[in-house]
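The following exercises concern a sheet and a chain–chain interface. Each task is followed by a solution in steps.

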Amino acid sequence: MKDLILTIVKPLVDFPEDIQVNVHEEDQRVTYKLSVSKSDMGKVIGKQGRVAKAIRTVVYAAGSSQQKKIFLEIVE
Amino acid sequence: MKQITATGRTVEEAVESALAQLQTTKDRTEITIIDEGKKGLFGIFGSRPSVVKVTVKMDPIEEAASYLKSVGEQLGAPVNVEVNREGKQIEFVLTGDKIALLIGKRGQTLNSLQYLTQLVVNRYADQYLTVIVDAEEYRKRRNDTLIQLAQRLAQKALKTGQDMALEPMPSYERKIIHSALMGNKRVKTFSDGNEPHRHIVISPVK
């Protein structure tokens, strides 16, 4: 799952080496915290969050086959 | 964008060494000569090596196709990608076993992939390109469904004399409905609300 997020985000940003994905597991949910270089923030969020929404849709599609609920957060 | 500078005794040698390092061919790169170099006296005194800068040109379409492939693989639904280009519009047709996963509910996932692919393409492209991602003729089937829906709701609007609001849709899906009802003089269509909640309203002409 982490690899999927990296595969999606890497080609979108200017500084692929600054991408970080942290995983927080709880009972029923897994939260992936994505952080990118500050200047790339806009690229992964997009106008009115369009890019963020698209990334989430694809990630959640992958999560539908798993038991736990998946969340993707974009953090600084 | 990959880019290196290389040196050699002649310009050709410098270019060749750069291409070897980048593992690519001449037609996929942009070459700028920084220094032509000098042969010097007897090839010994005052000779200067030639220096060239070689930049790999990314083919936006190839990048996008491999992007779709790797995302599909990570999703657990490996796909083959077929590319059709028509002017500024590029269509990627996905085929594979678990294609349903990539389409998603009402094409949600497919639309998201399309949007992300469009971003990838236009990062590398010189001119703005429109991307369409399709799988199992989903777009065509959706097209037919939307036209049917439009006709049915136009009837309903006429029967009840009230405006019919549709659910939010992306712009190209709204366009299909607008053009489907363009010929119908008894109703008019317009879009209301702001993206991403913009939706069509069909209203009877009084």
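**Exercise 1: the sheet of chain B**

In strand 3 of chain B, B:Val54 is the bridge partner of B:Ile4. The model is a predicted one.

Task. Determine the strand order of the open sheet in chain B, and explain why one side of strand 1 and of strand 2 is left without a neighbour in the sheet.

Solution.

Step 1. Six bridges connect strand 1 to strand 3 (residues 50-56) of chain B, and the two run antiparallel.

Step 2. The three strands of the open sheet follow the order 1-3-2, with antiparallel pairing.

Step 3. Strand 1 (3-8) and strand 2 (29-35) of chain B are at the edges with a single partner strand each, so one side of each lacks a neighbour in the sheet.

Step 4. On average, neighbouring strands of this sheet are turned by 25° against each other, direction ignored. Helix 1 (residues 11-22) of chain B packs on the sheet and touches strand 1, strand 2 and strand 3, with its direction at about 140° to that of strand 1.

**Exercise 2: the interface of chains A and B**

Task. Characterise the contact between chain A and chain B by its residues, its buried area and its salt bridge.

Solution.

Step 1. Contact involves 20 residues of chain A and 18 residues of chain B.

Step 2. About 1600 Å² is buried between the chains, and carbon and sulfur atoms give 69% of this area.

Step 3. The count of salt bridges between the chains is one: the side chains of B:Arg123 and A:Asp14 meet at 3.2 Å, N to O. Six residue pairs are in polar contact, both residues at pLDDT 80 or more.

Step 4. Helix 3 of chain A supplies nine residues, the largest share of the side of chain A that touches chain B. That side divides into 11 nonpolar, four polar and five charged residues.

Technical notes. Residues are numbered from 1 along each chain as its sequence is written. Chains are lettered from A and ligands numbered from 1 in the order in which they are written. This is a predicted model: local features need pLDDT of at least 70, side-chain atom pairs count only at pLDDT 80 or more; totals for chains, interfaces and linings use all residues. Side-chain values use heavy atoms; hydrogens and water are left out. Two strands pair if DSSP finds at least two bridges between them. Helices (H or I, at least four residues) and strands (E, at least two) are DSSP runs, numbered from the N terminus. Axes are lines fitted to C-alpha atoms, for helices over the stretch in contact, and angles run from 0 to 180 degrees between N-to-C directions. Contact means heavy atoms within 4.5 Å. Buried area is the accessible area (1.4 Å probe) that two parts lose on being put together, summed over both. A salt bridge is a side-chain nitrogen of Lys or Arg within 4 Å of a carboxyl oxygen of Asp or Glu. A polar contact is a pair of N or O atoms within 3.5 Å; within protein, one must be able to donate a hydrogen and the other to accept it, and residues adjacent in sequence count only if both atoms are side-chain atoms. Ala, Val, Leu, Ile, Met, Phe, Trp, Tyr, Cys and Pro count as nonpolar, Asp, Glu, Lys and Arg as charged, and the others, Gly among them, as polar.
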